[in-house]
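Subject: Structure handover

Dear colleague,

I am passing on the structure we discussed, together with some notes on its sheets and cores. Please read the notes with the structure open.

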Amino acid sequence: AMHDYPRGLAVDSQGYAYVLLRRSSGRYLAKIDPNGNQLWFKKVKGDAYPVDNSQLEISPVGHLVIVGVEEGHYFIAYYDTAGNLIIYLKKYDRETIFIHDVTVAANGKIYITGSNACDSGSHCSFLDVYHSNFNPVGSINFESELTQDLTVDSSGNIFVTSIKWFD
């Protein structure tokens with residue numbers, strides 16, 4: 001039996017919904033019109049990692065931004081509203097276990113929180129920031145914290161929630 005596991009949902013300014021799904025055969029993206037009709041359903045780049053925790057966001061210019069984990073590293077992908085791949089980047093220099101959240105600010109910068117294993121054996125997390133062309137802006141690592149949700153206000157201030165781990 002085939003099962004769909006929803007991994008992301010975003011709605012654009014025109015009321016179209018985009019749904020990111022995982023199946024055993026890979027990741028899929030669907031576009032639904034405001035009346036609930038499926039317009040298309042496409043396989044997107046990247047295999048379905050055993051624990052797929054991909055995130056979906058819409059950029060200010062209307063691109064679909066997917067961030068997920070594949071083979072222990074995270075990737076960022078831009079798709080247009082027809083489901084066509086525009087650009088794909090795999091981040092090989094950061095081992096990643098989970099992607100917790102992605103936000104695309106009004107200026108187009110991409111903010112990603114995720115977690116990975118630390119040398120100390122504790123939980124570690126990160127906040128990575130990219131320009132809209134995927135060039136890195138900066139990164140912050142959090143020891144013994146598990147980042148969760150994030151948001152960026154209109155002034156560019158970043159707010160991140162996290163769980164603090166105590167030994």
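The notes below take the two sheets in turn and then the nonpolar cores.

Please keep in mind that this is a predicted model.

First sheet

Strands 1 to 4 make up an open sheet in the order 1-2-3-4, and the pairing is antiparallel. At its edges are strand 1, residues 5-11, and strand 4, residues 38-44, each of which pairs on one side only. Neighbouring strands in this sheet are turned against each other by 20° on average, direction ignored.

The pairing of strand 1 with strand 2 (residues 17-23) is antiparallel and runs over six bridges. One residue pair to look at here is L9 and V19: V19, in strand 2, is the bridge partner of L9. The two strands form a hairpin, with five residues between strand 1 and strand 2. Within that turn, G15 has a positive phi of about 90°.

Second sheet

Another open sheet of four strands has the order 9-10-11-12, also with antiparallel pairing. Strand 9 (98-104) and strand 12 (136-143) are the edge strands, and each pairs on one side only. From one strand to the next, the twist averages 15°.

Strand 9 and strand 10, the latter covering residues 110-117, run antiparallel and are joined by six bridges. Here I99 has G114 of strand 10 as its bridge partner.

Nonpolar cores

The largest nonpolar core has 14 residues. Those touching the most other members are V67, Y74, I76, I99, I110 and I112. At least two residues of this core come from each of strand 6 (64-70), strand 7 (73-79), strand 9, strand 10 and strand 11 (123-130). Another core, of 13 residues, lies apart from the largest one; Y18, L56, L64 and I66 are among its members.

I99 links two of these topics: it is the bridge partner of G114, and it is also among the residues of the largest core that touch the most other members.

Regards

Conventions:
Residues are numbered from 1 along each chain as its sequence is written. This is a predicted model: local features need pLDDT of at least 70, side-chain atom pairs count only at pLDDT 80 or more; totals for chains, interfaces and linings use all residues. Side-chain values use heavy atoms; hydrogens and water are left out. Two strands pair if DSSP finds at least two bridges between them. Axes are lines fitted to C-alpha atoms, for helices over the stretch in contact, and angles run from 0 to 180 degrees between N-to-C directions. A nonpolar core is a set of buried Ala, Val, Leu, Ile, Met, Phe, Trp, Tyr and Cys residues joined through side-chain atoms within 4.5 Å. Buried means under 20% relative accessible area, exposed over 50%, partly exposed in between (1.4 Å probe, protein chains only).
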